[in-house]
Amino acid sequence: MAELSTNSAIQAATASHQAGRWSEAEALYRQVLQAEPNHTDAMNLLGVLLGEQGRYEAAVDLIGRAVAANPLVAEYHANLGETYRRMGKLEPAEASLRQALELNPLHAEAQNNLGLVLKSRGLADQAIAAFSEAAKIRPDFVLAYNNLGIAWSEKREFEKALSALKKSLELNPDQADVYANVGACLTWMKELPEAIEACRKAISINPRFAEAHNNLGACLRMLGQYAEAADEGAKAIELQPSYSGAYSNLGDTLLHQGQIEKAIPLYRRAIELEPEYEETHKQLGTAYFLQGDLPRGFAEYEWRLTGDKAVIDSNIPQPRWDGGDLKGKTILLHGEQGFGDVIQTARYVPLVAAKHGKIVIGCYPELLRLFADLPYVEKITRIGETAPPFDVYCPFMSLPLAFGTTLLSIPAYVPYLQPKPELVQLWSQRLGPRNGKMRVALAWAGRAEHDNDRNRSIRLNQLECLKDIPGVSFYSLQKGPPRAQIADSAFAGRLIDWTADLNDFVDTAALLANLDLLIAVDTSVAHLAGALGKAVWILLPTPPDWRWMLHRTDSPWYPTVRLFRQKRAGEWGEPISELCHALSMAGQQRAPVV
């Protein structure tokens, strides 16, 4: 083949390659190589083509031959590195890409692909630096900005992620995947209307974009628009039947609608498709809990101890306790969930002690004084401090599984926590005489960081019907920013607020000991009251947290709890009205409030 015809064949092959006519391009590349077996450009380009088709071994052979024949061409090293990356061979991929950049530091594609390798290796900061350098080298590099946005979002740096993703869209607004990434960031930021807009934009560009339909469904679910959320989830499954996340998200939507029997098969299908995804296992566990199936629920809930969130557990080299005899051993019990979860499962400490071992506890600073008087405990340390030597460990929330807990075997004796008598006496003196009034505490909001806080917390003014009930004095146990609602509420001047003097749960327990009733949303102080054996009325959203199950007005975990449930998600009027009526009757009759 003459030089002119070789060049013509390469040009024709490249044009066919770029147009997606792969068979035609391959035939032309091979025609060149048949005539000129050492034509390194043909080797390289044919290797790239085969790599794009997933024919990696042949691709590596061809591009490797080009590199061996002409090792000073940065493009060859870059293409070899990208092929290795697609194969999942990250070490040779990184080596080839760095060689390409040594030969040509301004090779933007090599920088971008190096960023992908580094991200896959878990080197997030180095990946971000590589993507940033790629965009600096080539300011119109759309893909580099998208990759930079994804990398920032995986670090939960969502403002920086959005900045990079929006730059990518400025350069090319016709990118459905980038709009979907914007929607995901906004979802994490709880900017749900804006997230929905981004997802809809992605779908308008690509109506068959299953991930965008799935993400849209998740956002709609978070806003309580369950029917439309279910439609979007079903559409995602229709478009991509092997998409495990779509089954899981649709399961979540049905779970929120109370359709537990329909949600469970969806979670199981998601697990079949992606067996190691911990979030789906946890959601399946939640479904079992809501049905009252505690053994299967706690078995699935153990998956919370896998993945990125299990930092405390993964750093403990000792074996996890399986519930066996502890004679001659020391066990570490540690917290890794919220305050309420640890308070709820502290009831198991005497049962652990009955296994004949020594107990040390690692817990949050806010719980140290509360747990200091727990029987059978050798030592209590703060989480993060070095614990005394121990042989085995168990997270508090794994204790129900270790003891094979069922609805009938929950250790529900109360109180299992005690306030400090001297503090109880101090609060008694501060409260003064009752004057015949019932003393009722209020807590209307949990931590804003909680995943479900949007649904579980209310505003103080939503409890306005309580304020004029005769014979009742009201005390605030609300901590944090929602405390500021008192001044502008119907309770201003009527709700006594001493929370500035409540430094930890011991102080709160001592005040609670002097009160008759706590009215609260589902937050840690409700668990504290239940553990102290105090009467507590809890307002629950739909769906409720797993431990409250469905339909019950009582709790097998706390004998002194009474539950007031939403009948429809997001609608608080009916349960609050029922609660106000119940308090009015209790106040009139001076009847027990449990």
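Let me start with Val-182. Leaving aside residues up to four places away in sequence, Val-182 touches Leu-162, Leu-165, Leu-169 and Ala-198. This is a predicted model, so read every contact as a computed one. Val-182 belongs to the largest nonpolar core, which has 66 residues. Along with Tyr-29, Leu-46 and Ala-202, Val-182 is among the members that touch the most others in that core. Apart from this core lies another, of 65 residues, and its members include Phe-289, Leu-374, Phe-396 and Val-525. As background, nonpolar side chains in soluble globular proteins tend to be buried together.

Next, one helix, α8. Helix α8 covers residues 124–137, which is 14 residues. From first C-alpha to last, α8 reaches 20 Å, close to the 20 Å expected at 1.5 Å a residue. Which residues of α8 are buried? They are Ala-127, Ile-128, Ala-130, Phe-131, Ala-134 and Ala-135. Viewed down the helix axis, these buried residues fall within an arc of 160 degrees, so they line one face of α8. What do they pack against? The buried residues of α8 pack against α7, residues 108–120, and α9, residues 142–154. On the face turned away from the buried side, α8 carries the exposed residues Asp-125 and Lys-136.

Now the sheets. One is an open sheet of six strands, and its order reads β7-β6-β5-β8-β9-β10, with parallel pairing. At the edges stand β7, 495–497, and β10, 561–565; each has a single partner strand, so one side of each is left without a neighbour in the sheet. From one strand to the next, the twist averages 25 degrees. Taking one pair in detail, strand β6, residues 472–476, is joined to β7 by three bridges, and the two run parallel. There, Ser-476 stands opposite Asp-497 in β7.

A helix also lies across part of this sheet. Helix α27, residues 524–531, lies across β5 (438–443), β8 (517–521) and β9 (535–540). Relative to β8, α27 runs at about 150 degrees. Val-525, listed earlier in the core of 65 residues, has a number inside the range of α27.

The other sheet to mention is open, with four strands in the order β3-β2-β1-β4, and the pairing is again parallel. Its edge strands are β3, 377–382, and β4, 392–395, each pairing on one side only. Here the twist averages 20 degrees from one strand to the next. Strand β1, residues 330–334, pairs with β2, residues 358–363, in the parallel sense over five bridges. Within that pairing, the bridge partner of Ile-331 is Ile-359 in β2.

Terms used:
Residues numbered from 1 in each chain as written. Predicted model: local features only at pLDDT ≥ 70, side-chain atom pairs only at ≥ 80, totals over all residues. Heavy atoms only, no water. Core = buried A, V, L, I, M, F, W, Y, C linked by side-chain atoms within 4.5 Å. Buried < 20%, exposed > 50% of the residue type's maximum accessible area, 1.4 Å probe, protein only. Contact = heavy atoms within 4.5 Å. Expected span 1.5 Å × (residues − 1). Arc of directions from axis to C-beta. Pairing = 2+ DSSP bridges. Axes fitted to C-alpha atoms, helices over the stretch in contact; angles between N-to-C directions.
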